[in-house]
Amino acid sequence: QVRLVESGGGLVQSGASLRLSCQGSGYGRSLITMGWYRQARGNQRDMVASVATDGSTRYSDAVKGRFTISRHANLTVFLQMNSLKVEDTATYYCTGDPKKHPSYPGFWGRGTQVTVSS
């Protein structure tokens, strides 16, 4: 049973930075890809960023240049969010999958709230 636990969310002002962390456990093999999705109220869940074990990364256009995803060991992933905007407000979910950059990850955390005020 894979468990992904997010931390680091909070309330910040526009322009500030936050760092999200995700610690995974319970998976005996390698999660090839770990990443982050987000869901704003009333919207669908959208991919934010992902990183595979070969170091390849993907970013949504909305966060490219402001957010950086990084990975430590097999089951730990971070999301450094700089220059936050009000539209970044959402619940952020850590994800994992045994495939490389899947279209929809198989494992999800419970989410952490990020709120950016103007």
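**Entry 1: terms**

I note one term before I start: two strands pair if DSSP finds at least two bridges between them. I also note that the model is predicted.

**Entry 2: the β7 and β8 hairpin**

I looked up which residue stands opposite His72. The residue is Thr76 in β8. I then checked the two strands. β7 is joined to strand β8 (residues 76–81) by 6 bridges, and the two run antiparallel. Together β7 and β8 form a hairpin, with 3 residues between them. In that turn I found Ala73, whose phi is positive, about 60°.

**Entry 3: the open sheet**

Next I asked in what order the strands of the open sheet lie. The order is β1-β3-β8-β7, 4 strands with antiparallel pairing. Which strands stand at the edges? I found β1 (3–7) and β7 (67–72) there. Each has a single partner strand, so one side of each is left without a neighbour in the sheet. I also noted the twist, which averages 15° from one strand to the next.

I followed the sheet inward from β7 to β8. Here 5 of the 6 residues of β8 are buried, so I wrote it down as mostly covered, counting as buried what lies under 20% relative accessible area. On β3 I looked for the link to β8. The link is 6 bridges, and the strands run antiparallel. Cys22 stands opposite Val77 in β8.

**Entry 4: the disulfide**

Cys22 sent me to the disulfide. How many does the structure hold? I count 1 disulfide. Cys22 and Cys94 form it, with their sulfur atoms 2.0 Å apart. The pair links distant parts of the chain. Cys22 sits in strand β3 (residues 18–25) and Cys94 in strand β9 (residues 90–97), 72 residues apart. I wanted the handedness too. The torsion about the S-S bond of Cys22 and Cys94 is about -80°, so this disulfide is left-handed. Are Cys22 and Cys94 buried or exposed? Both are buried.

**Entry 5: β4 and its partners**

I moved to β4. I found 6 of its 7 residues buried, so β4 is largely enclosed by the rest of the structure. On one pairing, β4 meets strand β5 (residues 46–52) in the antiparallel sense over 6 bridges. Thr33 stands opposite Ala52 in β5. The hairpin of β4 and β5 has 6 residues between the strands. Gly42 in this hairpin takes a positive phi near 85°.

I then checked β4 against β9. They run antiparallel, joined by 7 bridges. Thr33 turns up again, opposite Asp97 in β9.

**Entry 6: Gly35 and Thr95**

I picked Gly35, found in strand β4 (residues 33–39). Why does Gly35 count as buried? Its relative accessible area is 0%, and the cut-off for buried is under 20%, so Gly35 qualifies. I listed its contacts, leaving aside neighbours within four places in sequence. They are Ala49, Ser50, Ile69, Tyr93, Cys94 and Thr95. So that I had a distance as well, I looked up Ala52: Gly35 and Ala52 lie 17 residues apart in sequence and 8.5 Å apart in space, C-alpha to C-alpha.

One of the Gly35 contacts, Thr95, deserved its own look. I placed Thr95 in strand β9. At 3% relative accessibility, Thr95 counts as buried. Not counting residues up to four places away in sequence, Thr95 touches several residues of the chain, including Leu4, Thr33, Met34, Gly35 and Trp36. Phe107 and Trp108 are also among them.

**Entry 7: the nonpolar core**

Last, I asked how many residues the largest nonpolar core has. It has 26 residues. Those with the most contacts inside it are Trp36, Val48, Phe67, Val77, Leu79, Met81 and Tyr92. I checked which strands supply this core. β3, β4, β5, β7, β8, β9 and β11 (112–117) each give at least two residues.

From the core I chose Val48 and looked up what it touches, again not counting residues up to four places away in sequence. The contacts include Trp36, Phe67, Leu79 and Tyr92. Val48 also touches Tyr37, Arg38, Arg58, Tyr59, Ser60 and Val63.

How values were computed: Residues are numbered from 1 along each chain as its sequence is written. This is a predicted model: local features need pLDDT of at least 70, side-chain atom pairs count only at pLDDT 80 or more; totals for chains, interfaces and linings use all residues. Side-chain values use heavy atoms; hydrogens and water are left out. A disulfide is a pair of cysteine sulfur atoms within 2.5 Å. Buried means under 20% relative accessible area, exposed over 50%, partly exposed in between (1.4 Å probe, protein chains only). Contact means heavy atoms within 4.5 Å. Axes are lines fitted to C-alpha atoms, for helices over the stretch in contact, and angles run from 0 to 180 degrees between N-to-C directions. A nonpolar core is a set of buried Ala, Val, Leu, Ile, Met, Phe, Trp, Tyr and Cys residues joined through side-chain atoms within 4.5 Å.
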